[in-house]
There are 2 protein chains.
Amino acid sequence: MTDDAPNPALLPAGLIDLLPPEAEREAALVETLLAAFGAHGYERVKPPLLEFEDSLLAGSGAAVAEQTFRLMDPVSQRMMGLRADTTPQVARIAATRLGLQARPLRLCYAGQVLRVRGTQIAPERQLPQVGVELIGSAAPAADAEVAVVAAEALTRAGVAGVTLDISLPTMAGVLLEAAGLTVEALEARGVRAKAARDMVAALRQGIDRKDPVAVLTIAERAAPLAVDLADLLPRLLRAAGPADAALAVLKDMALPPAARAIADNAAAVIAAIRLRDPALRITLDPMEFRGFPYHTGVAFTVFGPGTTGELGRGGRYLSLNEEPATGMSLYAEAVQRAAPVPAPRPRVFVPVGAAEEALTALRAGGFATVRALSEADAPRALRCTHILRDGQAVPIEKKD
Amino acid sequence: MTDDAPNPALLPAGLIDLLPPEAEREAALVETLLAAFGAHGYERVKPPLLEFEDSLLAGSGAAVAEQTFRLMDPVSQRMMGLRADTTPQVARIAATRLGLQARPLRLCYAGQVLRVRGTQIAPERQLPQVGVELIGSAAPAADAEVAVVAAEALTRAGVAGVTLDISLPTMAGVLLEAAGLTVEALEARGVRAKAARDMVAALRQGIDRKDPVAVLTIAERAAPLAVDLADLLPRLLRAAGPADAALAVLKDMALPPAARAIADNAAAVIAAIRLRDPALRITLDPMEFRGFPYHTGVAFTVFGPGTTGELGRGGRYLSLNEEPATGMSLYAEAVQRAAPVPAPRPRVFVPVGAAEEALTALRAGGFATVRALSEADAPRALRCTHILRDGQAVPIEKKD
C-alpha cells in the first residue's frame, strides 16, 4: 500500500461486481435453466475452474486457446489454464470418468468462464456459462432434443418467443469440393499452391459475405466446374429464412450427394424438433458457416425476442474418441437481460425485542425478516417494505 | 500433443470433477443456504473471480496472500489475484459501491475460491465458499445474528445438531498485556528486545498448547506481575466447555478491566443467541486464539454432529474504513458431507414415438423424462427407474 495506491473500487476491465438484486437474479436464473435440463434427464457435472492446459485446450478447447489465462501450478510445475469454455471439460469427463456409462449420455453444467480479453461489443471477461451436452448419438433426434430442451429452459426462465437459427456449416465446403474448388483439386489441375489457397479463401469469403457474383467470378477462372455453382449458389444463399420455406427450396434442388445428405439431415432435425415443440420458431441458413469452426452437422444460434440478441449457441460436433455429440451453451447474462425482472422480495422490519415465533411463518411466506440490532435501526433506511406489528407484516405506507 | 502426452483424465492435485449426482447436490445445497440467508435479509453479491491483487489482498485479504494464485492482466499490465477468500471482496463492495447504503448492511455470497496449495488434511485447491457479512454494527446482537442465521441455514440443509464454538481470540493478548508481559513492557523493564520477543512468543505458544505450567514458568522470570496469572490462567484454560458453565466461571473471576469487557461481551452475545435460538448448542473457549488472526471480538467455529468436523468459521472483525463487522463462512463441501443424501430423482424412460403431452406433467411431478433417441436405447442402461406406458410412469421391476 503506497500513497498512490489505486482506487480500491476499481476492477480490471471486463470484471464486475454483481450487486443486489442482480446477483440473486442471476443465480436463480441459472438454477431455473439447470432444473429444466435436469427434468429432461441431463445430469449435472462440475469440472474445476483450473486444469492442465494440454487437457483443457485439447479438442474443441483449441478454439479458445488464445482466450485462456495461463498460470503455473507450483505443485506440479506444469502450466494450467483458467477455463474459457466448459464444453471441452465436459467432453473430457464424458470420455474418461464417464467413458463406461451407457450412451447417449446427457450432461449439463453451469459455471464461470474467464477470458483474457473482451471485445468492444462484449467487454465482459467473466461470464456464467450454462449448457447441455448429449454425447454418443448421431441421430437427428439428438440435435432436436438439445434445441427443444434449451428452448424449454428459456421458456421456464420467462423468455418467450425465442428463435432457433439453424445453420449448416459444412455445406459451403461440401459444395466447393463437389465443384472441384478445393486446394487439392485446383493444384491437380495445374494451379500453383499459393494461388489455389488464395482462390479457395476468396471463395469462402464470398460465400460468407453472401455475394454470389464474387464467388462465381472467381469460380469462372477454374471452369469447367463439376457442379453448376451458378445455378445452385444464388438459390442456396437466397433460401435463408423461415425453416419450412428454406427446406422446400433445398428439397427441389439438384444438389450433389454430400450436400443432399446435409440438407436431408437438416430436414430430419427440423422435423424432429417440430414433433416435440411445434410452436418453436425456426430459421435455416444453409450457407452460413462462420463461428462454428468445429461443428460437423447442424449448428444452432438461439435469439431472444426483439432486440435481446443472441442467448446461446451450439450444434453437432465430434467429441473426444470421435464420439458423435451435440450440445448447446446458454449465456446466462444475456438470458437475464431478456427475462422479465422478478418482483423484489418483500422485507419486513422486526423491532428490537420482538419474539422469534412469528418470523418463521413470515419467512416461509417469502418475506425477508430484517431484525433491528439497535433502536437506531430504521425500517425505511433498511429498505423494508413492511413492519412487524402484533405478529403481522404491515405494509409501510409510501408516505407518512 | 506428443506421444508422451499425459493422461487427459489427470487433473492437477486438489482439483476435482464433481460428477452426478454430487454436482447437483452441491448446487442445491448452496442455494438452500443462500435462501436461508436471504430470508433473514442478507442480499446476495457476486464479486469477480479475479481482481487486482492490491485490492484483493488488502485488509483481511492479507491473511491469504500466500495462498493466492497471481496472473498478469494483459489489458492493464497489472497483477491480478484469483481469489482465495471472498470476504475481502465483500468488504470492498461494502466500503465502495455500497458505501452509502444504510447500516447495518447485510450481504451474502456464494462462489468458488482457489488456493495455491492444499494441506495434507484438506487437499482441495478449489472450494465452494458460502457466507454472510453483517457490516456496520458493533452490537452483540449482530454477532448473535450471524451465528443464528448460519445455524438455521445448516438446519434447512438437513444438518441437525450443530455446535457453535465461540472463542475470544483477543483474551490471551489482553491478559498478557495486563500482566505486563508484552514486548514493550518487558523492554521497559530492561529485557533485551530479542529476549522479550522470544518470551512473548513462548507465552503465547504455552497458552495455545493449553499448558499453564509452561506459561507460568516463563512468566515467573518477569515477576512481579501486575496480574495474578497463576490464579487466572489455569482457571481460564479449564473454563473451556459448554457455554453456560464457562460463562459462570468467567463471571466469578477477578479479571483485569480489558479482559472483563471481553468476557462480558461474550456473555451478551451468547444471551442474544439464546433469545433467538434457545436450542443451539454453544461451547466457549476463552483462551483459544489460533486461526483467527484478524478477529477483534468473538470468533465462531461451527461443528457438525458426530465426526463431520468443521462446517464453517467466522467472527467479529474490523472491515475497511474501520467499520465494525461480523460474518460467517460455511464450507459447502463439508456441509454436503454432513447433510443427508437426498433421494435420487426418478427417471422415466420414454420410448421412441411417445407423444410429448404426458411428459410435461411427469416433469412437473419431479420426474426426469429420458427420451429414447433410437430403438437401441434401453431403460436400464440409461439408469431409468420407470418406463412410460399409456401416459403413466410405471416402475421398472428390479428383476424381470
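Helix 1 of chain A, residues 22-39, lies across four strands: strand 1, strand 5 (105-114), strand 6 (126-135) and strand 12 (324-331). Its direction runs at about 0° to strand 6 of chain A. Keep in mind that this is a predicted model.

Just before this helix there is a detail to find in the backbone. Pro20(A) and Pro21(A) are joined by a cis peptide bond, with omega about 0°. Pro21(A) sits in the segment before helix 1 of chain A.

Now follow the helix to a neighbour. Two packed helices are described by the angle between their axes and the distance between the axes. The axes of helix 1 and helix 4 (residues 140-156) of chain A come within 8 Å and cross at roughly 135°. Helix 1 of chain A and helix 4 of chain A are therefore oblique to each other. Their crossing is right-handed. Which residues of helix 1 of chain A meet helix 4 of chain A? They are Thr32(A), Leu33(A), Ala35(A), Ala36(A), Phe37(A) and Ala39(A). Across from them, helix 4 of chain A offers Val149(A), Ala150(A), Ala153(A), Leu154(A) and Arg156(A). By class, this contact has nine nonpolar residues, one polar and one charged.

Next comes the sheet. Strands of a sheet pair through backbone hydrogen bonds, either parallel or antiparallel. In chain A, nine strands form an open sheet with mixed pairing, in the order 1-5-6-12-11-10-7-9-8. Its edge strands are strand 1 (43-44) and strand 8 (241-242) of chain A, and each pairs on one side only. Look inside the sheet at strand 10 (residues 295-303) and strand 11 (residues 310-318) of chain A. These two pair in the antiparallel sense over six bridges. One such partnership links Ala299(A) with Gly315(A) in strand 11 of chain A. Helix 11 of chain A (residues 257-276) also packs on the sheet, where it touches strand 7 (163-167), strand 9 (281-285) and strand 10 of chain A. The direction of helix 11 makes about 175° with that of strand 9 of chain A.

Step back to the whole chain. Chain A is divided into domain 1 (22-162 + 305-338), domain 2 (171-261) and domain 3 (347-395). The centres of domain 1 and domain 2 of chain A, taken over C-alpha atoms, are 33 Å apart. A second cis peptide bond to look for runs from Ala223(A) to Pro224(A), with omega near 0°. Pro224(A) is in the loop between helix 8 (212-220) and helix 9 (229-239) of chain A.

Turn to chain B. Here nine strands form an open sheet in the order 1-5-6-12-11-10-7-9-8, with mixed pairing. Strand 1 (43-44) and strand 8 (241-242) of chain B are the edge strands. How do strand 1 and strand 5 of chain B pair, in the parallel or the antiparallel sense? They pair in the parallel sense, over two bridges. Glu43(B) stands opposite Leu107(B) in strand 5 of chain B.

Helix 10 (residues 243-252) and helix 11 (residues 257-276) of chain B have axes that come within 10 Å and cross at roughly 150°. An angle over 145 degrees counts as roughly antiparallel, and helix 10 of chain B and helix 11 of chain B are therefore roughly antiparallel to each other. The crossing is left-handed. Residues in the contact include Leu247(B) and Leu250(B) of helix 10 of chain B, and Ala263(B) and Ile270(B) of helix 11 of chain B. By class, the contact has seven nonpolar, no polar and four charged residues.

One last stop is Gln77(B). Gln77(B) is not a glycine, yet its phi is positive, about 60°. Gln77(B) lies in the loop between strand 3 (69-72) and strand 4 (79-82) of chain B.

Technical notes. Residues are numbered from 1 along each chain as its sequence is written. Chains are lettered from A and ligands numbered from 1 in the order in which they are written. This is a predicted model: local features need pLDDT of at least 70, side-chain atom pairs count only at pLDDT 80 or more; totals for chains, interfaces and linings use all residues. Side-chain values use heavy atoms; hydrogens and water are left out. Two strands pair if DSSP finds at least two bridges between them. Contact means heavy atoms within 4.5 Å. Axes are lines fitted to C-alpha atoms, for helices over the stretch in contact, and angles run from 0 to 180 degrees between N-to-C directions. Angles under 35 degrees count as roughly parallel, over 145 as roughly antiparallel, 65 to 115 as roughly perpendicular and the rest as oblique. A crossing is left-handed if the near helix is turned anticlockwise from the far one by less than a right angle, and right-handed if clockwise. Ala, Val, Leu, Ile, Met, Phe, Trp, Tyr, Cys and Pro count as nonpolar, Asp, Glu, Lys and Arg as charged, and the others, Gly among them, as polar. Domain bounds come from an automatic or database domain assignment.
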